[in-house]
Each structure stands twice: as structure tokens, then as C-alpha cells.
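Welcome! Please take a look at the structure below, and then work through the exercises at your own pace.

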Amino acid sequence: MTDSSATARPERHAEIAAGLAQVRSRIADACAQAGRDRAEVTMIAVTKTYPASDVLALAGLGVTDMGENRDQEAAGKAAEVAAAGVRPRWHFIGQLQRNKARSVVRYADVVQSVDSVRLARALATAAADRELPLDVLVQVSIDGDAARGGALPGSADPGAGLEPVAEAVADAPGLRLVGLMAVAPLGWEPERAFARLAEVADVFRGVHPGATELSAGMSGDFDIAIRYGATLVRVGSALLGMRSTLR
């Protein structure tokens with residue numbers, strides 16, 4: 001039974017349900033406009049800064065995938081949600097330091113932000129004792145600015161080139177390469193960013209045909225990302241509201 005302290009108040013539950021209905025409608029409309037099957041797109045509820053009670057409310061409304069970007073917050077929240085008898089599919093979507101790898105693999109089912117060979121190796125070591133492989137998406141840099149995170153497409157850099165990073169993941173027994181993730185660069189129009197990502201993904205799947213997931217798009221632009229092939233969309237504020245407005 002769920003502890004009452006971790007249960008959303010009725011008015012908050014209603015807010016979440018309304019937000020979820022709107023987001024689901026937007027996803028369905030975007031898929032229809034793109035001529036895609038709605039089942040091809042999974043919504044990840046980005047619950048960073050939101051309480052465990054919101055996660056439980058989302059799970060009760062049928063949401064299966066949750067995203068977090070800071071291990072310090074995510075580890076405790078995942079434990080609280082698990083203690084309530086709920087086990088969503090947790091996606092770690094933020095920049096990850098190698099020294100946090102062992103903590104993250106204890107609760108995460110997917111890590112979307114692997115952008116270096118060194119991080120891939122740290123995760124592989126940490127995931128060695130897992131019963132199931134850890135699903136990994138390689139974060140790709142759309143604009144080539146390594147300082148903002150992301151492996152570099154077309155680069156032969158042995159530590160941060162897209163293909164060397166992908167190979168490090170694919171070759172690790174405890175990891176499973178499932179696709180790519182990207183964030184639209186600052187100053188880029190979403191159409192330009194996601195069109196470029198689609199080109200990179202097309203080439204990438206030619207080399208790694210099993211890596212079909214494409215994580216792109218957030219609250220303000222996931223409709224456009226779906227048009228360009230996103231299979232995972234990361235939605236926070238459009239679903240749960242702006243954090244400062246929560247009571």
C-alpha cells in the first residue's frame with residue numbers, strides 16, 4: 001500500500017491528469033500529421049525537481065517511463081517510489097559523471113547521455129552484476145560543440161567520436177546499445193536541429209541496425225521532433241507544470 005505522504009493530493013492529481021491528457025493529444029496529433037503510428041512514440045515524464053507523489057500519480061495514470069537528470073535526487077526518489085510498490089522504467093537523461101555510474105545502474109533502466117568512451121567503460125564496469133543489460137543511448141552533439149556534451153558525428157576522436165563511443169557501448173557485455181539522444185543546440189531552430197539529427201541517425205542505423213531509438217524533443221518542441229523520427233520524447237513542464245507554481 002502507498003504511504004499517504006507519498007500520495008498526490010486530489011487537486012494535484014487532477015492537474016497531472018489534465019496535463020497528461022493534453023500531452024497525449026499533442027503526441028497523437030503530431031504522429032498523425034507525420035503519418036506515423038502512435039505506438040512508435042514513447043513519452044518520458046521528466047520528473048526532476050518534482051516529488052515522488054507526482055511519479056506515483058503518473059504511474060497510476062498509465063505512464064511507464066520516467067526521466068531524471070541528477071543522481072543525488074533520482075536515487076532517493078526511485079527508492080521512495082519502489083517502496084510504494086511501483087516500478088517505472090527509469091531513464092537517466094542528464095550529464096553523468098563517471099563516479100556516479102555505480103549508483104545510477106542500481107535504479108536506472110536506461111542511460112541516455114553517454115558521450116565518451118571513458119563513461120561507457122565506467123558504466124560497463126558498474127553494470128557487470130546486473131541481471132539485465134543496461135540500455136544505453138549515445139548522446140550526439142548536433143552542432144559539434146563538445147563543451148555542451150555529446151559525442152561528435154564523423155569524428156575519429158578515439159574518446160569522444162560518435163562511432164568509437166557507440167562501439168565501446170556495443171562491445172560491453174553489461175550494456176545494450178539502443179539508439180541516440182540529442183538536445184537542440186541553443187540558438188538553433190528546432191527544424192534545423194532535428195533534421196540534422198535525423199541525418200546522423202540514418203547513417204548510424206546503417207552501422208548499428210538494432211539501435212533504432214531516437215530520443216529528441218522536449219515540452220516546447222517534441223511535435224517537431226516526432227516529425228523527424230523521434231521515438232522517445234522527454235516531457236516535463238507541459239506535463240507537470242512549472243516547478244515554481246506547484247504548491
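Before starting, here is a word for the first exercise: a residue is buried when its relative accessible area is under 20%, exposed when that area is over 50%, and partly exposed in between (1.4 Å probe, protein chains only). Helices (H or I, at least four residues) and strands (E, at least two) are DSSP runs, numbered from the N terminus. This is a predicted model, in which local features need pLDDT of at least 70 and side-chain atom pairs count only at pLDDT 80 or more, while totals for chains, interfaces and linings use all residues. Residues are numbered from 1 along each chain as its sequence is written, and side-chain values use heavy atoms, with hydrogens and water left out.

**Exercise 1. Find strand E2 (residues 65-68) and decide whether its two faces are covered or not.**

Step 1. Sort the residues by side: Asp65 and Gly67 lie on one side of E2, Met66 and Glu68 on the other.

Step 2. Check each side: all four residues named are buried, and both faces are therefore covered.

Step 3. Recall the general pattern: side chains in a regular strand alternate between the two faces of the sheet.

**Exercise 2. Work out which strands pair with E2, and in which sense.**

Step 1. Use the rule that two strands pair if DSSP finds at least two bridges between them.

Step 2. Look at strand E1 (residues 42-46): 2 bridges join E1 to E2, and the two run parallel. Opposite Gly67 in E2 stands Val46.

Step 3. Turn to strand E3 (residues 89-92), which pairs with E2 in the parallel sense over 4 bridges. Here Gly67 has His91 as its bridge partner in E3.

Step 4. Trace the connection between E2 and E3: the chain crosses through helix H3 (residues 71-83), and this β-α-β crossover is right-handed. Right-handed means that, with the strands pointing away from the viewer, the path from the first strand over the helix to the second runs clockwise.

Step 5. Add the unit made by E1, helix H2 (residues 52-60) and E2, which is a right-handed β-α-β unit as well.

**Exercise 3. Describe strand E5 (residues 134-139) and how it is joined to E4.**

Step 1. Count the cover: 6 of the 6 residues in E5 are buried.

Step 2. Split the residues by direction: Leu134, Val136 and Val138 point one way, and Asp135, Leu137 and Gln139 point the other way.

Step 3. Find strand E4 (residues 110-114), which runs parallel to E5 and is joined to it by 3 bridges. Val136 in E5 has Val111 standing opposite.

Step 4. Follow the chain from E4 through helix H5 (residues 117-126) to E5, a right-handed β-α-β crossover.

**Exercise 4. Continue from E5 to E6 and on to E7.**

Step 1. Pair E5 with strand E6 (residues 175-181): they are parallel, with 6 bridges. Leu137 has Gly179 as its bridge partner in E6, and Gln139 stands opposite Met181.

Step 2. Look between these strands: E5, helix H6 (residues 162-170) and E6 form a right-handed β-α-β unit.

Step 3. Check the cover of E6, where 6 of the 7 residues are buried.

Step 4. Move to strand E7 (residues 213-215), which is parallel to E6 and joined to it by 3 bridges. Gly179 has Glu213 as its bridge partner in E7. From E6 the chain crosses through helix H7 (residues 190-207) to E7, in a right-handed β-α-β crossover.

**Exercise 5. Place Leu152 and say why it counts as buried.**

Step 1. Locate Leu152 in the loop between E5 and H6.

Step 2. Apply the cut-off: Leu152 counts as buried because its relative accessibility is 17%.

Step 3. List its neighbours, where contact means heavy atoms within 4.5 Å: leaving aside residues up to four places away in sequence, Leu152 touches Ser141, Gly144, Ala146, Ala160, Gly161 and Leu162.

**Exercise 6. Sum up the chain as a whole.**

Step 1. Count the elements: there are 9 helices and 8 strands.

Step 2. Compare the radius of gyration, taken over C-alpha atoms, with the globule rule, 2.2 Å times the number of residues to the power 0.38. The chain has 18 Å, close to the 18 Å the rule gives for 247 residues, so it is as compact as a globular protein of that length.

Step 3. Finish with the cover: buried residues make up 50% of the 247 residues.
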